[in-house]
Amino acid sequence: MTEQLPQKIVIVGGGTAGWMTAAALSRMLAHRVSITLVESEAIGTVGVGEATIPPIRSFNALLGIDEADFMAETKATYKLGIEFEGWTREGHSYFHPFGLYGASPDARYLHHYWLKARASGPVPPLEDFSICNVAAKMGRCGLPSGDAASVMSTFGSAFHFDAGLYATYLRRYAEARRVKRVEGKVGHVALRGTDGFIESVTLESGERVDGDFFIDCSGFRGLLIEQALGAGYDDWTRYLPCDRAIAVPCARSGPVRPYTRSVAHRAGWRWRIPLQHRTGNGVVYASAHMSDDEALGILTAGLDGDALAEPNFLRFQTGVRRKFWLKNCLAIGLSSGFMEPLESTSIHLIQAGITKLLDFFPGGDFKAANTEEYNLLARIEFEEIRDFLILHYKATERRDSAFWNACRTMEVPESLTRRMDLFHAYGRIPPRAYDLFTATSWVAVFMGQGVMPESYDPLVDAHDMAEVQARLRDAHARIAKTAAGLPPHDELLTHLLAHAKRVA
Ligand SMILES: Cc1cc2nc3c(=O)[nH]c(=O)nc-3n(C[C@H](O)[C@H](O)[C@H](O)COP(=O)(O)OP(=O)(O)OC[C@H]3O[C@@H](n4cnc5c(N)ncnc54)[C@H](O)[C@@H]3O)c2cc1C
């Protein structure tokens, strides 16, 4: 059999998506195929994207990156979850923790026990049964453990980092593994006459880059997948109405709180993300309900240090590309679709795109069954995340603005309605093969936003009340003790950075 791999891979775009893709492919394939990345300094990158979720660890592991080296180079801090302030109602807050509820991995449906105990007397808040929540509130942090006997086996963490530095780091990594970078702006995309496959891209300088397989990482514009191939876009603004953001970094003040803050305002929300060298801030809003000037005012009033740059104004349309992969072109990153950064899912979707690409890597003949399976799975992933984000807006008690009234009363996708009904019935979260968010995440947001089930899982009644209460008491005490024994976040980071091993 002849060689099947496409021999020339061309990545268009050098933002987070382009360099993550280049790094992963260089690790897996650079000795077999040529990989070229085209990017334009004149166009630049979107320049935001600082918070991640736990699966990023497996991406770094795939690259063989040393965690301390990566954290030193990207000015990263640890993230144990997100605090949502004012989402349920003004003055209220709740925490969406990483990891699991309970003191051991087999207790992941602990909320059912908690619901049973709560029905017959006072119990501590559910949040106290999450090691990530308790540690985060104390400003403490640790590392996950594989030992199921340890409370730290229920711990989960991700990173806040400087996305620009991450792209630079991965560029170094990829170039050291034979990825060729070409500087310049693509002015023309040539399609093959016979089947409409992309043949080459030509830069404004006249330089032509030929390829067999093109990966579109060109950002919102979707230079190849949309402008050249016309894949189409499904607009989800009716479910997720925010369409503008303004971002600005400010000087850091005080020790790092190892979590992201998301503070709701009358027509959206604002974020605060602590890095080693600065704090990232942004405001997300719906232009139908708020002017740019008002949003900028909310952003600047919320800074807790001097602004370090001019505000970066961004416009977006929430939605998804109808085809992620069309002919010999795959879209990864913002070119494939975008949902607002409420749960830090965009960098994860880049990672998920790369992982699926490796699972469905094409032969040079790009068989349709392979491409279609990729498209199907990617769509499911996007829709699951979309539903999770919508829940934050739908399950609000806020009545203080037209924006929140519209969110509270909007029609949601049928897939989310089914989930909400099931949770309401028995507090159940259906396990789904491609669901990124665990039961802990869904329960945290449901209950955090005041959606309480009518009942708990009937199987919990196989345990009598004394046993249920004893389990909860034990978990509560072990979690509190473990959290108190963890080092302060900044101490852990200083210790870790002192042991960084240079990789990229
Ligand atoms: C307000 C906001 C906040 C966000 N926060 C988060 C977050 O906290 N967490 C998270 O996971 N994600 C976040 N994201 C998403 C995140 O920023 C992106 O997923 C990530 O940066 C990837 O972007 P990209 O590489 O796809 O596109 P871009 O960064 O836009 O890169 C596009 C690349 O294509 C190149 N290019 C474009 N056209 C041409 C051309 N004609 N010729 C040559 N090169 C070209 C550009 O030069 C650039 O290199 C956020 C996004 C927004 C809008």
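Domain bounds here come from an automatic or database domain assignment. With those bounds, domain 1 (8–50 + 162–235 + 318–366) and domain 3 (244–315) both give residues to the shell around the ligand, so the ligand lies between them. Keep in mind that this is a predicted model. Below is a quick tour, starting with the ligand and moving on to two sheets.

**Around the ligand**

- The ligand has 34 residues around it, and the ones that come nearest are G14, V48, A51, V186 and I347.
- G14 also makes a backbone contact: one of its backbone N or O atoms sits 2.9 Å from an oxygen atom of the ligand.
- I347 does likewise, with a backbone N or O atom 2.7 Å from a ligand oxygen atom.
- For S40, a backbone N or O atom is found 2.9 Å from an oxygen atom of the ligand.
- How much of the ligand does the protein bury? On its own the ligand exposes 1,000 Å², and the protein buries 98% of that.
- Two elements, α1 (16–29) and α9 (346–359), give two or more residues to the shell around the ligand.
- Of the elements, α9 provides the largest share of that shell, with 3 residues.
- Sorted by character, the shell residues come out as 16 nonpolar, 14 polar and 4 charged.

**The sheet of 3 strands**

- This one is an open sheet with antiparallel pairing, and its strands come in the order β8-β9-β10.
- Why do β8 (186–191) and β10 (208–210) each have one side left without a neighbour in the sheet? Both stand at the edges with a single partner strand each, so there is nothing in the sheet on the other side.
- On average, neighbouring strands here are turned by 20 degrees against each other, if you ignore direction.
- β8 and β9 run antiparallel and are joined by 5 bridges.
- Along that pairing, H188 stands opposite T202 in β9.
- The hairpin of β8 and β9 has 6 residues between the strands, and in this hairpin G196 takes a positive phi near 75 degrees.
- On to the other pair: β9 (residues 198–203) and β10 are antiparallel too, paired over 3 bridges.
- Which residue of β10 is the bridge partner of S200? That would be D210.
- As a general point, side chains in a regular strand alternate between the two faces of the sheet.

**The sheet of 6 strands**

- Here you get another open sheet, this time with mixed pairing, and the order reads β7-β2-β1-β11-β20-β19.
- The edge strands are β7 (180–183) and β19 (325–326); each has a single partner strand, so one side of each is left without a neighbour in the sheet.
- Further in, β11 (213–216) and β20 (329–331) pair in the parallel sense over 3 bridges.
- One of the residues to look for in this pairing is I215, whose bridge partner in β20 is L330.

Methods:
Residues numbered from 1 in each chain as written. Predicted model: local features only at pLDDT ≥ 70, side-chain atom pairs only at ≥ 80, totals over all residues. Heavy atoms only, no water. Pairing = 2+ DSSP bridges. Helix = DSSP H or I, 4+ residues; strand = E, 2+ residues; numbered from the N terminus. Axes fitted to C-alpha atoms, helices over the stretch in contact; angles between N-to-C directions. Near = heavy atom within 4 Å. Polar contact = N/O pair within 3.5 Å; in protein donor to acceptor, adjacent residues only side chain to side chain. Areas by Shrake-Rupley, 256 points an atom, 1.4 Å probe, with all protein chains shown as cover. Nonpolar A, V, L, I, M, F, W, Y, C, P; charged D, E, K, R; others polar.
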